[in-house]
Amino acid sequence: MTQDLFRQDAYLRECSAHITAVTDAGIVLDQTVFYPLGGGQAGDSGVLVLADGTQITIADTRKGKDADGNPTSDIVHIPAPGQEDRVAQLTPGTTVTARIDWERRHRMMRLHTTSHLLCHVVPQLVNGCSITPDYARLDFAMTDPLDKEQLTAAIATLVAAAHPLTVASISDEELDANPALVKSMSVQPPRGTGRIRTIRIGGEGGAPLIDLQPCGGTHVANTSEIGGIVVTKIEKKSATTRRVVLGFAQ
């Protein structure tokens, strides 16, 4: 089992950890700041630094799977190609410093938070999403046309309003009583622990609630940190789907 430190603090850039396993899939640690691919958000990259300063470059991070392909509680750090000899020398119990590529992660935090703002601006169910370091896309289940300039302006207003973001949780029963909190048709919030992580934007001290939904991804603490984001493209993916693509302003 890997303790997911990024759930509590998305701003952690590194941590000390111990190797618990080295498998064909990658390197498993007892705790990590690396976010694994999931919920539409790409996995983190970075380095594992050994005590002697040797670095193992991590190209991607994924959730662990057992021999039958079922998900486990491990988080697997996938080494970049060309480091096979170095990785082969790693053994369980070895201490490493796990350090993410912060600039890459922060770009995803900004885009992921913007995708939640977009869910407020376009209050329709989402049937697909992808959060990468360079762009984010959301597929909305709708038939009405959308306007790039109007969406960009609406997002800019929410960014400038400096809405705080709060990480909290609700029980399975609370989610069952409020199914409208789930905005995604394709990704359901993970259950099993009795608590489901939520992201709330706004809604404090009498301020308007902008968005509240279950989400396991990484986000900025305030919308003002997002900076310049624009809608770069709107596509009609099908008769009932409109795709909105977000990118960084130049």
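1. **Helices and strands.** The chain folds into five helices and 15 strands. Please keep in mind as you read that this is a predicted model.

2. **Overall dimensions.** Taken along the principal axes, the C-alpha atoms fill a box of roughly 55 × 45 × 40 Å. The radius of gyration is 19 Å, and a compact globule with 250 residues would have one near 18 Å, so the chain agrees with that expectation. Among the contacts with a separation of 6 or more, 64% are between residues 24 or more positions apart.

3. **Inside and outside.** How much of the chain is buried? Buried residues make up 46% of the 250 residues. The area that the chain exposes is about 12,100 Å², and carbon and sulfur atoms supply 51% of it.

4. **The nonpolar cores.** The largest nonpolar core has 49 residues, and the members that touch the most others are Ile 27, Leu 29, Leu 48, Leu 118, Phe 140 and Leu 246. Helix H3 gives the most to this core, with seven residues. There is also a second, separate core of five residues, including Ile 170, Leu 175, Leu 181 and Ile 196.

5. **A closer look at Leu 29.** This residue is a good one to click on in the viewer. Leaving aside neighbours within four places in sequence, Leu 29 is in contact with a list of residues that includes Met 1, Ala 17, Ile 19, Leu 48, Ile 75, His 77, Val 96 and Ala 98. Leu 48 also appears beside Leu 29 among the core members that touch the most others.

6. **Strand E2 and its partners.** Strand E2 covers residues 14–22 and runs antiparallel to strand E8, residues 95–100, with five bridges joining the two. Here His 18 stands opposite Thr 95 in E8. E2 also pairs with strand E3, residues 27–29, in the antiparallel sense over three bridges. In that pairing, Ala 21 has Val 28 in E3 as its bridge partner. The hairpin of E2 and E3 has four residues between the strands, and in it Gly 26 takes a positive phi near 155 degrees.

7. **A positive phi outside glycine.** Most residues other than glycine have a negative phi. Ala 162 has a phi near 55 degrees, which is positive although the residue is not glycine. You will find Ala 162 in the loop between helix H4 and strand E11, the latter spanning residues 165–171. Is Ala 162 buried or exposed? With a relative accessibility of 32%, Ala 162 counts as partly exposed, because that label covers values between 20% and 50%.

8. **A buried salt bridge.** Side chains of opposite charge can pair when their charged atoms come close. A search of the whole structure finds 10 salt bridges. In one of them, the side chains of Arg 105 and Asp 44 meet at 2.7 Å, N to O. This pair links distant parts of the chain: Arg 105 is in helix H3 (residues 102–121), whereas Asp 44 is in the loop between strands E4 and E5, 61 residues apart. Arg 105 has a relative accessible area of 0%, so it is buried. Asp 44 also comes out at 0%, and is therefore buried.

9. **A salt-bridge network.** Asp 139 forms a salt bridge with Arg 137, their closest N and O atoms being 3.4 Å apart. Asp 139 is buried at 7% relative accessibility, while Arg 137 is partly exposed at 21%. Which residues are linked in a network of salt bridges? They are Arg 137, Asp 139 and Arg 243.

10. **A partly exposed salt bridge.** For Arg 195 and Glu 174, the closest N and O atoms of the salt bridge are 4.0 Å apart. Arg 195 belongs to strand E12 (residues 195–202) and Glu 174 to helix H5 (residues 172–177), with their positions 21 residues apart in sequence. Both ends are partly exposed: Arg 195 has a relative accessible area of 43% and Glu 174 has 38%.

11. **Leu 146 in its loop.** Leu 146 lies between strand E10 (135–141) and helix H4 (148–160). Its relative accessible area of 23% makes Leu 146 partly exposed. Leaving aside neighbours within four places in sequence, Leu 146 is in contact with Val 122, Leu 151, Ile 234, Arg 242 and Val 244. Of these, Ile 234 is 88 residues from Leu 146 in sequence, yet their C-alpha atoms are 7.2 Å apart in space.

How values were computed
Residues are numbered from 1 along each chain as its sequence is written. This is a predicted model: local features need pLDDT of at least 70, side-chain atom pairs count only at pLDDT 80 or more; totals for chains, interfaces and linings use all residues. Side-chain values use heavy atoms; hydrogens and water are left out. Buried means under 20% relative accessible area, exposed over 50%, partly exposed in between (1.4 Å probe, protein chains only). Contact means heavy atoms within 4.5 Å. Two strands pair if DSSP finds at least two bridges between them. The radius of gyration is taken over C-alpha atoms; the globule rule is 2.2 Å times the number of residues to the power 0.38. Accessible areas come from the Shrake-Rupley method with a 1.4 Å probe; for residues, only the protein chains shown count as cover. A nonpolar core is a set of buried Ala, Val, Leu, Ile, Met, Phe, Trp, Tyr and Cys residues joined through side-chain atoms within 4.5 Å.
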